[in-house]
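Reader: Could you take me closely through a single buried side chain in this model, and then set that part against the chain around it? I would like the reasoning spelled out with care.

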Amino acid sequence: MVKALIAGGGIAGPVTAMALQRAGIEAVVYEAHVPGTGDAGSYLTVATNGLDALRAIDADKPVLAAGFPTPANVLLSGTGRRLGVVSNGGRLADGTVAHTIRRPRLYRALHDEAAARGIRTEYGRRLVGAEVTADGVVAAFDDGTRATGDLLVGADGIHSATRRLLDPAAPTPRYVGLVNFGGYTPDSAGATEPGAWHMIFGRRAFFGYVVDPDGGTVWFANVPRPAVTAAEQAATSPERWRRQLVELFASDHGPAGDLIAAGTLELAGDSTHDLPSVPTWHRGPMVIVGDAAHAPSPTSGQGASMAAEDAVVLAQCLRDLPGIPQALAAYERLRRARTERIVAQGARTGSAKTPGPVGRVLRDLALPLVFRFLVTDRSTAWIYDHHIDWAAPVDYRVATNSS
């Protein structure tokens with residue numbers, strides 16, 4: 001049996017392991033960090049295309065159970081003007097919609113599901129090197145241990161060590177001009193309907209919030225500014241960050257200031273990066289998936305979903321094609337164009353959050369028309385309606401001609 005070593009146990013790691021197992025490939029996950037026990041942390045959205053990919057390997061139910069449905073985005077200006085309503089991640093044929101999930105809960109749900117399927121995860125094992133041999137690959141970890149397999153999958157995120165092993169000249173992440181904050185305010189539902197994200201294009205920053213089933217409010221802020229340095233991060237207390245945020249939203253209509261003042265800041269000063277195009281996705285028996293290969297800005301809402309899609313397509317290629325080199329080449333050809341288009345889309349969306357004074361006026365005039373005529377279910381179908389049929393065989397001739 002083919003054995004895969006998977007570096008990284010975030011989202012891409014356990015999903016890839018489950019997909020490979022379904023394809024008849026043994027997989028072991030190696031994660032640098034020891035798992036935490038708490039739930040504190042930022043939230044993310046898994047869109048319907050990601051849920052569809054998880055459903056292909058029967059892994060969607062624990063993810064759905066870990067979060068709550070968030071089918072729509074209500075767009076507002078800083079003056080309180082309603083700019084439009086758009087889908088937040090599509091809708092599957094059975095009515096399933098995008099779900100918002102606290103990141104630690106998502107990690108735990110995926111790892112618990114992988115463990116229930118007999119997949120081993122070894123914690124405290126950070127990949128630092130790899131050697132290609134005649135029989136496969138030997139991975140080296142920072143604790144001095146090594147592991148041997150037929151295939152190394154780098155699911156180790158935007159700062160991937162595997163990407164650098166494949167190509168020492170590989171690009172580094174690109175700062176997108178936004179610093180991210182996130183928090184939670186309990187018992188704050190008010191009159192806001194649960195499950196609808198409210199997105200406010202404020203004068204000085206962007207704010208999003210949604211009421212969860214417990215009556216609390218999940219919120220985040222994107223602040224256009226230079227990236228946060230390590231020194232600034234170390235010198236700035238949560239209370240100081242909170243005061244800065246309250247001041248940024250003081251002149252905007254809406255609940256941002258009150259939610260921030262009354263809530264718990266769970267993510268602070270996180271400089272947001274993306275990774276538009278990585279020239280080398282695979283070399284020999286080594287390959288990268290998820291954010292290691294193509295990290296979209298969180299604005300896209302597609303990071304987790306792209307990782308799930310990658311995992312399933314990679315497993316299909318390894319299942320159906322005659323050898324590892326052919327399978328990895330086909331996987332890249334099937335995935336590259338779509339993922340790079342997603343990253344570009346996220347970058348364009350993020351740019352609407354960072355205009356100057358004149359740009360804000362023009363943006364608020366244009367966005368109602370954009371959301372009414374351009375950002376529609378039809379225009380976003382290529383993102384959310386993407387379907388992976390697990391039973392369909394990968395045709396190498398099609399894969400090698402894919403763009």
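Author: In this predicted model, arginine 242 has a relative accessibility of 16%, and because buried means under 20%, this residue counts as buried. Arginine 242 belongs to helix α7, which covers residues 238-248, and its side chain comes to 2.9 Å from the backbone oxygen of isoleucine 260. Once the neighbours within four places in sequence are set aside, the residues in contact with arginine 242 are Ile260, Ala261, Gly263, Thr264 and Leu265, so that isoleucine 260 appears both in this contact list and as the residue whose backbone oxygen the arginine side chain reaches.

The chain as a whole gives the setting for this residue. Buried residues make up 54% of its 403 residues, and its secondary structure comprises 13 helices and 19 strands. With a radius of gyration of 21 Å, close to the 22 Å that the globule rule gives for 403 residues, the chain is as compact as a globular protein of that length, and its C-alpha atoms fill a box of roughly 65 × 45 × 40 Å along the principal axes. Of the contacts between residues at least 6 apart in sequence, 72% join residues at least 24 apart.

As for enclosed space, the count comes to one cavity of 30 Å³ or more, and the largest cavity holds about 50 Å³. Its lining consists of Ile11, Val15, Val46, Leu54, Val63, Leu106, Leu110, Ala304 and Ala308, with α4 (103-116) and α9 (303-320) as the elements that give two or more residues to that lining. By class, the lining of the largest cavity has nine nonpolar residues, with no polar and no charged ones.

Definitions and conventions
Residues numbered from 1 in each chain as written. Predicted model: local features only at pLDDT ≥ 70, side-chain atom pairs only at ≥ 80, totals over all residues. Heavy atoms only, no water. 1 Å grid on protein atoms, 1.4 Å probe; cavity = no way out; pocket = protein on both sides within 12 Å on 5 of 7 lines; lining within 4 Å. Points joined across faces, edges and corners; volume = space filled by probe spheres on them. Helix = DSSP H or I, 4+ residues; strand = E, 2+ residues; numbered from the N terminus. Nonpolar A, V, L, I, M, F, W, Y, C, P; charged D, E, K, R; others polar. Buried < 20%, exposed > 50% of the residue type's maximum accessible area, 1.4 Å probe, protein only. Polar contact = N/O pair within 3.5 Å; in protein donor to acceptor, adjacent residues only side chain to side chain. Contact = heavy atoms within 4.5 Å. Rg over C-alpha atoms; globule rule 2.2 N^0.38 Å.
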